[in-house]
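Here is a small set of exercises to work through with the structure at hand. Try each task on your own, then follow the solution step by step.

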Amino acid sequence: MDPRTFLPLPPLDFQVLLDLAAGPKHAYGLATPVEVTRDDVRLELGSLYRILARLSSDGLIEETEPRRDESRPDARRRYYQLTALGRAVAGAEARRLEGLIRTARAQRLLVPRRK
Amino acid sequence: MRVGPLVVRAALRAFPAPFREKYAREMLEDFEHHWRNTQRSRDRTWLLVRTVPNLLTSAIAEHRRSSFAGSAPMYPVRREGRAMLHLTRDLRHAARALRGQPLLTSFLVMTLAVGIGATTAVFTVVNSVLLEPLHLPQSGNLVAIWGRFDPESGFNYPRFVLSAPEVVDYRRETQTLGGVAAWQPITVTVRGGGAEPDRVPAAAVTGNFFSLLRVSPERGRTFTPDEDRPQHARVAMLSAGYWRSRFGADPDIVGRTVPLNGEETTIVGVMPPGFTYPSTSTSIWIPLGIDPASPGSRKSHSLRAIGRLREGVSLQQARAELATIMAGWKARYPDVHTGHYLFIRPLLDDTVGSVRPALLALLVATAFVVLIGCANLAGVLMSRGEGRTREMSIRAALGARRGELIRLTLAEAGILSLFGGTLGLLLAWIGVRGLLAVDPSSIPRSSEIAIDGRVPAFALAISMATAGISGVLPALRGAAAAARGTLRESSHATTAAGGRQRVRRALVAAEVALSVVLVLGAGVMLRGFNRLLATDPGFRPAGLVTASIALPSRDYPAAEQVEALYSSVLDRLRRAPGVAAASAASNVPLLNEAGVWDFEIEGRPAPPAGEMAWNAAAVIARRDYARTVGIPVERGRFFRSQDDARSMMVTVISDTMAKRFFPGRNPIGHRIRVKGVTAPAGWMTIVGVIGDVHDVGLEAAPRPTYYIAQPQVPSMGEGPYRQMAIVIRVSGSPDAAIAALRSVVHDLDPRLPLFDIESMDAVLDQSVARPRFTTTLLVVFAIVGILLGAGGIYGVLAYTVATRTPEIGIRRALGAPATRILSDVMRGGLWPVCLGLAIGLLLSYWTSRALATEVLGVSGTDLTTYAVAVLAVFTVALVSCAVPAARALRVSPLAALRSE
């Protein structure tokens with residue numbers, strides 16, 4: 001399947017894919033970093049699970065066994081990881097965004113942030 | 001606290017079953033995890049507020065997705081434009097459907113308008129009175145400072161004014177407050193300006209009063225520290241309103257001298273318009289003149305005080321500091337500060353705290369009315385939805401998605417609610433004026449009540465909530481029915497499907513329960529209020545009028561002069577036509593509260609420290625006072641003209657005082673003495689016992705009271721008592737009696753103004769203004785609620801009967817007796833009614849009790865109120881059931897079969 005049929009990705013879907021690119025996570029683990037460390041968009045409970053359901057049924061992510069090296073593996077939680085397709089879609093989205101950013105630079109919309 | 005997970009568990013049920021089965025357990029666990037990690041209740045509320053709506057919208061979205069799963073691409077293409085297209089199309093559909101039934105539509109809109117209007121009107125009051133900050137600069141960090149006497153101190157006053165040393169010490173010791181200002185409400189006589197003498201409300205304030213409030217004068221200046229010293233030349237400031245009304249906005253007013261209380265006083269400034277603190281009628285401010293070096297007795301309490309929290313200091317910090325200061329005072333002055341200490345609270349609370357329970361009760365009552373309206377709307381939408389099952393099924397068969405069907409019903413609810421809300425806002429606008437017309441004076445800050453931006457926002461929010469609450473259930477049910485492809489059911493079923501019956505019964509039960517709570521609440525209030533009105537005030541207010549005069553010490557320096565003036569005013573007045581009796585007293589019941597004075601009883605040791613001190617309200621009165629006001633003399637006699645400065649000191653005590661201090665004994669002949677009066681002639685012989693008077697309020701128990709003869713006061717060692725309320729028992733018109741008093745006073749001294757002119761009927765009336773306001777509104781809301789509820793019950797039952805028409809027709813055709821069918825239908829209708837009654841009674845058990853004690857200040861509820869309320873709701877419900885049931889009987893078998 002051509003990853004580009006999924007583009008453009010909704011931003012929250014993209015966030016979830018990015019978070020999973022680092023390795024398998026369970027839903028709670030996905031909600032927490034998004035909520036705590038990013039000042040962009042909050043991922044609420046209902047939205048998060050809808051996204052997980054949608055990405056699963058689209059074949060972008062899949063459920064997995066918990067990773068062994070997790071310090072306190074919580075067996076009751078479902079873990080998710082990217083599928084090959086998911087990784088490809090995330091990459092395609094990133095390239096698409098990169099293209100957009102390039103255009104934005106060319107239009108002088110992106111001035112370096114003053115520290 | 002388990003509320004959050006419970007709410008989320010309920011919200012999760014909104015998801016489609018397959019989604020729920022797969023994810024619900026984990027979602028709940030995740031939420032519980034978040035919940036546990038959130039400690040503060042405010043954050044928890046916020047978590048819930050964020051999560052639940054998100055769950056509900058996600059659930060609706062998921063329904064939409066799952067409805068076409070398998071037939072279309074899994075991944076929905078979302079475009080803003082299309083959503084808008086859906087919305088306008090849905091609204092158009094809904095509007096068309098509603099226009100088709102103008103009668104029903106207008107009934108529903110009116111129902112909602114009444115509920116939303118009442119709620120919005122009450123919210124307007126709540127918003128302006130309780131939520132808006134006071135109209136003072138940076139009022140948020142102003143605090144009121146009060147004293148408190150616990151029984152340990154020998155007194156029991158939860159809120160008491162301060163003494164000057166307390167104010168001075170607190171001001172010096174506090175680090176958390178940026179300042180402490182004190183004041184004392186007074187009234188002053190103003191002469192000059194070519195007009196009649198005037199007696200106006202004023203405040204004696206400390207020098208920092210205005211700077212603490214951060215208000216600068218419009219003209220001139222405020223008081224200098226020098227002027228805030230005793231014995232300083234007299235200065236005053238005017239309110240803008242008084243400057244205008246009394247001095248014609250004289251531009252040269254600053255620097256002019258005006259006789260205040262007979263003393264030439266220099267006007268140093270005029271405050272800006274709108275500033276009248278501490279009371280709305282304050283016209284003049286004069287310096288209080290406390291000398292910080294020798295502020296006077298620590299035990300003489302007469303000052304109100306306010307402070308301002310320093311920037312960045314919390315109320316808790318200030319309270320903690322105050323506790324430390326109090327510990328220091330207790331160590332330094334153990335005789336004063338044992339069981340007696342200061343406390344602070346936000347000034348806004350202090351101003352409006354007393355009215356808060358009443359307003360919140362009203363807000364809850366209106367919320368109930370709105371909920372009944374919601375139940376009505378839900379019932380109708382459901383019935384309509386079922387009537388349109390065929391339409392929905394066809395739409396579904398033609399490819400309409402579940403979500404679209406849901407949206408259609410929600411759009412209807414939304415349109416109705418918005419119309420209802422708009423009309424409601426209009427009603428609220430009228431209603432607020434109505435509320436203020438009922439009684440403006442019983443609510444603090446009532447002059448500030450206005451519709452601001454928050455009010456329409458509130459009305460909109462209520463409307464949306466109404467649409468949501470009443471639309472969701474019918475929408476989901478309707479869509480579910482359509483999705484099942486119920487083309488079959490609608491053509492052949494003769495009885496309504498069980499699930500929908502249950503929902504409908506639940507709606508009826510809910511309406512009944514809400515009505516019961518409303519009606520019982522109103523009933524409790526009404527009964528309590530009537531009991532309040534039926535309370536014997538202890539005097540006869542009808543035909544009793546009063547007006548006060550005050551003799552300035554400059555014009556009347558000697559006790560004999562004061563005595564001569566009062567005695568000639570009363571002598572002349574008694575001879576005037578239309579005057580049946582006349583007398584005078586320092587304090588009139590319900591109008592101005594008499595101070596409490598400690599006393600000693602001859603031959604008894606004073607109560608030891610730690611026990612309650614002997615004290616009672618002390619009223620200075622003249623002969624004939626009891627007869628004029630209508631207080632019965634129970635033993636002995638009241639004052640006579642012989643009780644003067646030369647004769648033996650006498651006192652008359654109230655029944656409660658006799659029972660408390662002379663239980664089982666005849667108090668007559670015993671002698672008491674005002675504590676601290678050491679003059680040998682200070683012992684007063686009790687010569688009579690008179691009836692109790694509800695002097696501070698009908699809801700409050702009569703206070704023990706003793707009466708002291710005005711002509712004898714100088715013999716106590718006190719100065720003459722100069723300000724007295726003249727009381728007149730009229731035989732003709734009250735106005736004529738006041739006119740007679742005015743001319744008598746004018747003849748004797750034209751410089752003396754009459755003030756506080758009142759008829760005691762009006763005073764009594766005013767004393768119950770607030771409970772009357774609350775009760776009136778609650779009764780109105782209860783009537784509206786029960787009528788709306790009746791409409792809803794009728795609607796639901798009528799619909800049930802209508803759906804049962806074929807069944808009834810067949811049974812009739814087969815020969816079932818009419819009574820059997822009637823009882824069947826009635827039973828079906830009354831069963832949820834009874835359930836609702838039971839639930840309502842259960843809820844009322846707490847609500848009505850809280851209402852009675854918190855709002856009205858009376859305790860308990862009685863069986864009669866319960867019985868009457870239940871009977872009323874039941875009767876209304878019975879009628880609402882009987883009409884459709886009777887219609888069922890008239891169903892002819894032929895028509896029933898034809899309706900197939």
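**Exercise 1. Take stock of chain B: how many helices and strands are there, and what share of its residues is buried?**

Step 1. In this predicted model, chain B holds 25 helices and 23 strands.

Step 2. Chain B has 900 residues, and 44% of them are buried.

Step 3. Now look at contacts in chain B between residues at least 6 apart in sequence: 83% of these join residues at least 24 apart.

**Exercise 2. Find which residues of α1(B) are buried, and which are exposed on the other side.**

Step 1. Start with the buried set, which consists of B:Gly4, B:Val8, B:Ala11 and B:Leu12.

Step 2. Look down the axis of α1(B): the buried residues fall within an arc of 100°, so they line one face of the helix.

Step 3. A general rule helps here: an α-helix has 3.6 residues a turn, so residues three or four places apart point the same way.

Step 4. Turn to the other side of α1(B), where B:Val3, B:Leu6 and B:Ala10 are exposed.

**Exercise 3. Work out how α1(B) and α2(B) are oriented to each other: roughly parallel or roughly antiparallel?**

Step 1. Locate the two helices of chain B: α1 covers residues 3-12 and α2 covers residues 17-37.

Step 2. They pack at an angle of about 160°, and their axes are 10 Å apart.

Step 3. Angles over 145 degrees count as roughly antiparallel, and α1(B) and α2(B) are therefore roughly antiparallel to each other.

Step 4. As for handedness, the crossing of α1(B) past α2(B) is right-handed.

Step 5. Next, list who meets whom. From α1(B) come B:Gly4, B:Pro5, B:Val8, B:Arg9 and B:Leu12. Their partners in α2(B) are B:Arg20, B:Ala24, B:Met27, B:Leu28, B:Phe31, B:Glu32 and B:Trp35.

Step 6. Sorted by class, the residues of this contact are 8 nonpolar, 1 polar and 3 charged.

**Exercise 4. Compare two residues with positive phi, B:Arg214 and B:Asp624: is each one buried or exposed?**

Step 1. B:Arg214 is not a glycine, yet its phi is positive, near 60°. You will find B:Arg214 in the loop between α7 (209-213) and β6 (219-220) of chain B.

Step 2. B:Arg214 counts as exposed because it has 12 C-beta neighbours inside 10 Å, and the cut-off for exposed is 12 or fewer.

Step 3. B:Asp624, also not a glycine, has a positive phi of about 75°. The loop between β16 (615-621) and α18 (625-629) of chain B is its place.

Step 4. B:Asp624 counts as buried because it has 20 C-beta neighbours inside 10 Å, and the cut-off for buried is 20 or more.

**Exercise 5. Where do the cis peptide bonds to A:Pro8 and B:Pro278 lie?**

Step 1. In chain A, the bond joining A:Leu7 and A:Pro8 is cis, with omega about -5°. A:Pro8 sits in the segment before α1 (11-21) of chain A.

Step 2. In chain B, the bond from B:Tyr277 to B:Pro278 is cis, and its omega is near 10°. B:Pro278 belongs to the loop between β9 (263-270) and β10 (284-287) of chain B.

**Exercise 6. Describe the contact of chain A with chain B: how many residues does each chain give?**

Step 1. Chain A gives 16 residues and chain B gives 17.

Step 2. On the side of chain A, α2 (27-37) and α3 (45-57) each supply at least two residues.

Step 3. The largest share of that side, 8 residues, comes from α3(A).

Step 4. By class, the side of chain A that touches chain B has 7 nonpolar, 3 polar and 6 charged residues.

How values were computed. Residues numbered from 1 in each chain as written. Chains lettered and ligands numbered in written order. Predicted model: local features only at pLDDT ≥ 70, side-chain atom pairs only at ≥ 80, totals over all residues. Helix = DSSP H or I, 4+ residues; strand = E, 2+ residues; numbered from the N terminus. Axes fitted to C-alpha atoms, helices over the stretch in contact; angles between N-to-C directions. Parallel < 35°, antiparallel > 145°, perpendicular 65-115°, else oblique. Left-handed = near helix turned anticlockwise from the far one by under 90°. Contact = placed C-beta atoms within 7 Å. Nonpolar A, V, L, I, M, F, W, Y, C, P; charged D, E, K, R; others polar. Arc of directions from axis to C-beta.
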